[in-house]
Amino acid sequence: MLVGKVVKKLSIIMKETLRYLAGIAGPSGYGSNSTAEQVTQDSSSSLFSLPNSQLTAIVTGATSGIGAETARVLAKRGVRVVIPARDLKRAGEVRERIQKESPKAEIILLEIDLSSFASVKRFCTEFLSLGLPLNILINNAGKFSQKLEFSEDKIEMTFATNYLGHFLLTELLLDKMVDTATNMGIQGRIINVSSVLHNWVKKEHFCFTNLLNPNNYNGTRAYAQSKLANILHAKEIARQLKGRNARVTVNAVHPGIVKTGIVRDHKGCITGMYFFYRLYTTMTLIICLVSNIFGRENSKSKLISFSNLPADSLFFFASKLLKTSAQGASTTCYVALSPKTEGVTGKYFADCNETNCSTLANDESEAQKLWKQSRALIRRHLHQAKQ
């Protein structure tokens, strides 16, 4: 009985892993090997291409990696792209590259520091003063800190940047998105870029006070917690917008295991090593099971000895399984532009297909509690700043 359950579970894991490695398409028609350009080719037939209408999208974290690729592809599809950036020089270089490929692309650069509530508020005031519509908001920027750092608001830097900054950004721009959707007759879309690492977080360790000022800091744990918060945020805002009958959807996405600066800078301990560990663990369990049934102990020991490889060597092997930025941006662009995601809200996507997130990420009461705590915290900080 136990063996049967183990075999069934391993079968599911192996199917998922092999589907990823082979790039096998899911129900959407796309898979892990699909690029952002490929998944947006049919966007010309969607509601987003009504005559005389130009979409406007805000993409955070668009000065490099999958954010820059997302901005490039959206611009190529005729979307006006606003890039909020802390480093306007790098943002200018991205704009130059995009316009070299797409001369008619309209790229607007505005300054922001997502870890600062005051800076986020200034950005929103500046954007709203432009009088532009807002159809798409992509909360993509991500930060990973190996050492404990604090924002100017005295909040742990990873949580402040990855979650709270995007929470406030969404809060201040939400009415604009609802109004735009009503006035243009085009559904608005909000995408929170999360990570498969949200699965690591246990409910007993997800305490709001500790997220703001952790006692025992661990960079990977802080990153995973911020990415869980991104999903809970998406689900709660989706619930609220449904209650308002607003034509704006909110979804979370896992971009995949991508060769981004985070992975390179930290030897893949965020996503690359996670995937390698998953694949290695799966194979270990399979061979252990075979060994126990058929008495092949040598097979088990040979595989486990592979774990003695240095971290750099493990990263080398894992890096061969990572996605390119073009592939990593595909799920975000798919959810942002595809007619197939029209009306879909409160969901979690990976490899351009709807998939399951953790039980904790699906906890509606946890999502509501986090939203209330986050809103109260930000209001308190902004109120104090006025005094």
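**View 1. Strands E6 and E7 run parallel in this predicted model.** Three bridges join E6 to E7, which spans residues 348-350. Val253 stands opposite Phe349 in E7. E6 also pairs with strand E5, residues 188-193. That pairing is parallel too, over six bridges. Here Ile191 stands opposite Asn251 in E6.

**View 2. Strand E6 is largely enclosed by the rest of the structure.** Seven of its seven residues are buried, so the strand has little open surface around it. In a regular strand the side chains alternate between the two faces of the sheet. In E6, Val248, Val250, Ala252 and His254 point one way. Thr249, Asn251 and Val253 point the other way. Residues of both sets are buried.

**View 3. Asn192 sits in strand E5.** Is Asn192 buried or exposed? Asn192 counts as buried, at 1% relative accessibility. The side chain of Asn192 makes a polar contact of 3.1 Å with the side chain of His233. Leaving aside neighbours within four places in sequence, Asn192 is also in contact with Asn139, Asn230 and Ala234. In addition, Asn192 contacts Asn251, Ala252 and Val253. Asn251, Ala252 and Val253 are buried residues of E6.

**View 4. Ser338 lies in the loop between helix H14 and strand E7.** Ser338 is buried, with a relative accessible area of 1%. A polar atom of the Ser338 side chain lies 3.0 Å from the backbone nitrogen of Lys340. Not counting residues up to four places away in sequence, Ser338 touches Asp42, Arg189 and Cys333. The helix before this loop, H14, covers residues 330-337.

**View 5. Helix H14 is mostly covered.** Eight of its eight residues are buried. The buried residues of H14 include Ser330, Thr331, Thr332 and Cys333. Tyr334, Val335, Ala336 and Leu337 are buried as well.

**View 6. Cys333 forms no disulfide in a structure that holds zero of them.** A disulfide is a covalent bond between the sulfur atoms of two cysteines. Which cysteine sulfur is closest to that of Cys333? The closest is in Cys352, 8.8 Å away and therefore too far for a bond. The cut-off for a disulfide is 2.5 Å between the sulfurs. Cys333 is buried, with a relative accessible area of 0%. Another cysteine, Cys357, also counts as buried, at 12% relative accessibility.

**View 7. The largest nonpolar core has 61 residues.** In soluble globular proteins, nonpolar side chains tend to be buried together. Phe123, Phe127, Leu164, Leu173 and Phe206 have the most contacts inside this core. Several elements each supply at least two of its residues, including strand E3 (107-111), helix H5 (117-129) and helix H6 (157-184). Helix H7 (208-212), helix H8 (219-243), strand E6 (248-254) and helix H15 (364-386) do likewise. Which helix gives the most to this core? H6 does, with twelve residues.

**View 8. Phe123 is among the residues with the most contacts inside the largest core.** Leaving aside neighbours within four places in sequence, Phe123 is in contact with Ile58, Val82, Pro84 and Leu110. Phe123 also contacts Glu111, Ile112, Leu169 and Leu173. Apart from the largest core lies another, of 38 residues. Tyr30, Val79, Ala329 and Phe349 are among the residues of this other core. Phe349 is also the E7 residue that stands opposite Val253.

Notes: Residues numbered from 1 in each chain as written. Predicted model: local features only at pLDDT ≥ 70, side-chain atom pairs only at ≥ 80, totals over all residues. Heavy atoms only, no water. Core = buried A, V, L, I, M, F, W, Y, C linked by side-chain atoms within 4.5 Å. Buried < 20%, exposed > 50% of the residue type's maximum accessible area, 1.4 Å probe, protein only. Helix = DSSP H or I, 4+ residues; strand = E, 2+ residues; numbered from the N terminus. Contact = heavy atoms within 4.5 Å. Pairing = 2+ DSSP bridges. Polar contact = N/O pair within 3.5 Å; in protein donor to acceptor, adjacent residues only side chain to side chain.
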